Amino acid sequence: MYNILRPLLIIFIAGTIGCKNRTKVDLIVHNAVVYTTDSAFTIQEAFAVKDGRFVEVGTSADILDHYESDSTLDAGGKAIYPGFYDPHSHFVGLGQMLNMADLVGTTSYQEIIEKLKDFRQEHPDRTWLIGRGWDQNDWDNKQFPDKALLDAAFPDVPVFLTRIDGHAALVNTRALQLARISAGSKVEGGLVELKNGEPSGILVDNAMGLVRMVLPRPTEEEKIAMLQQAEKACLTVGLTSVSDAGIDRPDIELIDKMHKNGSLQIRDYAMISVNPTNLDYYLPKGPYQTDRLTVRSFKIYADGALGSRGACLLKPYADAPTSGFLLTSPKELEDFISRIATSDFQANTHCIGDSANRLALNLYGKYLKGANDRRWRIEHAQVVDTSDVPKFAAFNVIPSVQPTHATSDMYWADERLGDKRVKTAYAFKDLLKQNGLIALGSDFPVEDINPLYGFQAAVARTDAKGYPPGGFQKENALTRQEALRGMTIWAAFANFEEKSRGSIEPNKLADFVMLEKDIMKVPESELRATRVLRTVLGGLTVFVRSK
């Protein structure tokens, strides 16, 4: 019997030896140019995904040899990057903006009126006309407008129009009446602009809150629809992780609820709007984290914006007899920062002007006391005196900047700051050198949501038309590798998430994006037009561009 079975046994053993046991995974991607953004900036060809995480990254031959899957993607030589991460954005704000009159790119006050009339026809049942995105710096007349044209066109309908930077608003008389704003209205950290002794219709920074208190509140169903619209827009441009730079408990809890019931997929880093009520509620609870939502930081506002002259400067503006102002008093700032310092939460302070940056950095230094891993951030770090730049290194403070702010503001920034002081603005390379990293966001919807616009602005320092030739203050341009890190792994590090996302490495969440062109190689002139072909979140495709 043994002699009969022996040949069959040999055949069986030989067959077993010749057959490789490949591991079953959920997804295999191969034949790609994979920019991992790992510590060595390794470029690979393929990877395997299981249970929403990368299992192995390597050559196409190795991955196909060791793994098998019912879902295999041949990338056709296209470039793949970690899912793009916007570390400073306003996700809830984007959802709101998508449901109001879009005034971005308007070139005159009259064009705004026409857009509002069209919007009114499309939404006749709305009790308020709400819009966002105007910028008087894009008009022939670059002075702030007044309410006259709004009053003539909409005498009975209240109108609230937020400036592009979110730090000023134009309203009509009906809105002023409903908010009970008069020539005598005073707001700390804000301004009710007067003209001929009466409110002109311009409200700056905290003064906008007087009208916001009487605006209609969306229902939960409306908010859900807004967030889903915002998510769709973000996934289309390759964003898999976003942030909410300053929201309150109801929005945080709604996002968490939507994550848990599966109606929202995109990952969100929520910064809690700092105020005594939120500090009292969240500090005792400590940081909160799921695989979709992180709540471990407070957003603080030190000053306003440069475009509306609300940024707080060390010396007066070059084009106006003001130095701007703080939105939060030095005492309040220190109260907030001192409380956060005793917790595990992160402090993220909005600072545009060099005076605000100095104040925040000095307060950070007082409580951080030298080297640390608290990862406190300065949001925007837009105008920083050269004597204050080293404080980022001394206190391990992360600069969180928005490259498209530089290319949006460059047309008039020297008018606000003067030829000498403007050289201390948008100094991304100088800031990067302090700790060896920089977080690159967009501040959407202040700027466009497309992260490739920020990538192009960071490396080329030009606008969509390639202006100015040679780039704006090109000495502070970033390399392409630095820019990619800034919107992936460094963004994740700035949010304490570098161990779970931000690069294509084993055990990290399988978030990635495929582009039609390789942004590490194409000419600078082609960067902004490069389109996303596929966005994948946790190993699941959430966007595919139709051919």
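Colleague: What makes β20 and β21 paired strands?

Modeller: Five bridges join β20 (residues 293–301) to β21, and the two run parallel. Two strands pair if DSSP finds at least two bridges between them, so five bridges qualify. Within β21, threonine 349 is the bridge partner of isoleucine 300. The chain crosses from β20 through helix α11 (residues 330–341) to β21, a right-handed β-α-β crossover. Right-handed applies if, with the strands pointing away from the viewer, the path from the first strand over the helix to the second runs clockwise. Helices (H or I, at least four residues) and strands (E, at least two) are DSSP runs, numbered from the N terminus.

Colleague: What are these statements based on?

Modeller: This is a predicted model, where local features need pLDDT of at least 70, side-chain atom pairs count only at pLDDT 80 or more, and totals for chains, interfaces and linings use all residues. Residues are numbered from 1 along each chain as its sequence is written, and side-chain values use heavy atoms, with hydrogens and water left out.

Colleague: Which strand pairs with β21 in the parallel sense over four bridges?

Modeller: That is β22 (residues 377–380). Arginine 377 in β22 is the bridge partner of asparagine 348. From β21 the chain crosses through helix α12 (residues 354–368) to β22, and this β-α-β crossover is right-handed.

Colleague: Why is β21 (residues 346–351) called mostly covered?

Modeller: Six of its six residues are buried. Buried means under 20% relative accessible area, exposed over 50%, partly exposed in between (1.4 Å probe, protein chains only). Gln346, Asn348 and His350 point one way, while Ala347, Thr349 and Cys351 point the other way. In a regular strand the side chains alternate between the two faces of the sheet.

Colleague: How do you know that cysteine 312 has no bond to cysteine 351?

Modeller: A disulfide is a pair of cysteine sulfur atoms within 2.5 Å. The closest cysteine sulfur to that of cysteine 312 is in cysteine 351, 9.8 Å away, so the gap is too far for a bond. By this rule the count is zero disulfides. Cysteine 312 has 11% relative accessibility and therefore counts as buried. Cysteine 234 is also buried, at 0%.

Colleague: What makes aspartate 319 and arginine 309 a salt bridge?

Modeller: Their side chains meet at 3.0 Å, N to O. A salt bridge is a side-chain nitrogen of Lys or Arg within 4 Å of a carboxyl oxygen of Asp or Glu, so this pair at 3.0 Å passes. Both residues lie in the loop between β20 and α11, so the pair ties together parts that are 10 residues apart in sequence. Aspartate 319 is partly exposed at 30%. Arginine 309 is partly exposed at 21%. The structure holds 26 salt bridges.

Colleague: Aspartate 388 and lysine 391 also meet in a salt bridge. Is aspartate 388 buried or exposed?

Modeller: Aspartate 388 is at 1% relative accessibility, so it counts as buried. Lysine 391 is buried too, at 18%. Their salt bridge is 2.6 Å, N to O. Salt bridges that share partners join Arg358, Asp385, Asp388 and Lys391 into one network.

Colleague: Why do β4 (43–44) and β27 (540–544) stand at the edges?

Modeller: Each has a single partner strand, so one side of each is left without a neighbour in the sheet. The order in this open sheet of six strands is β4-β3-β9-β25-β26-β27, with mixed pairing. Two bridges join β3 (residues 33–35) to β4, and these run antiparallel.
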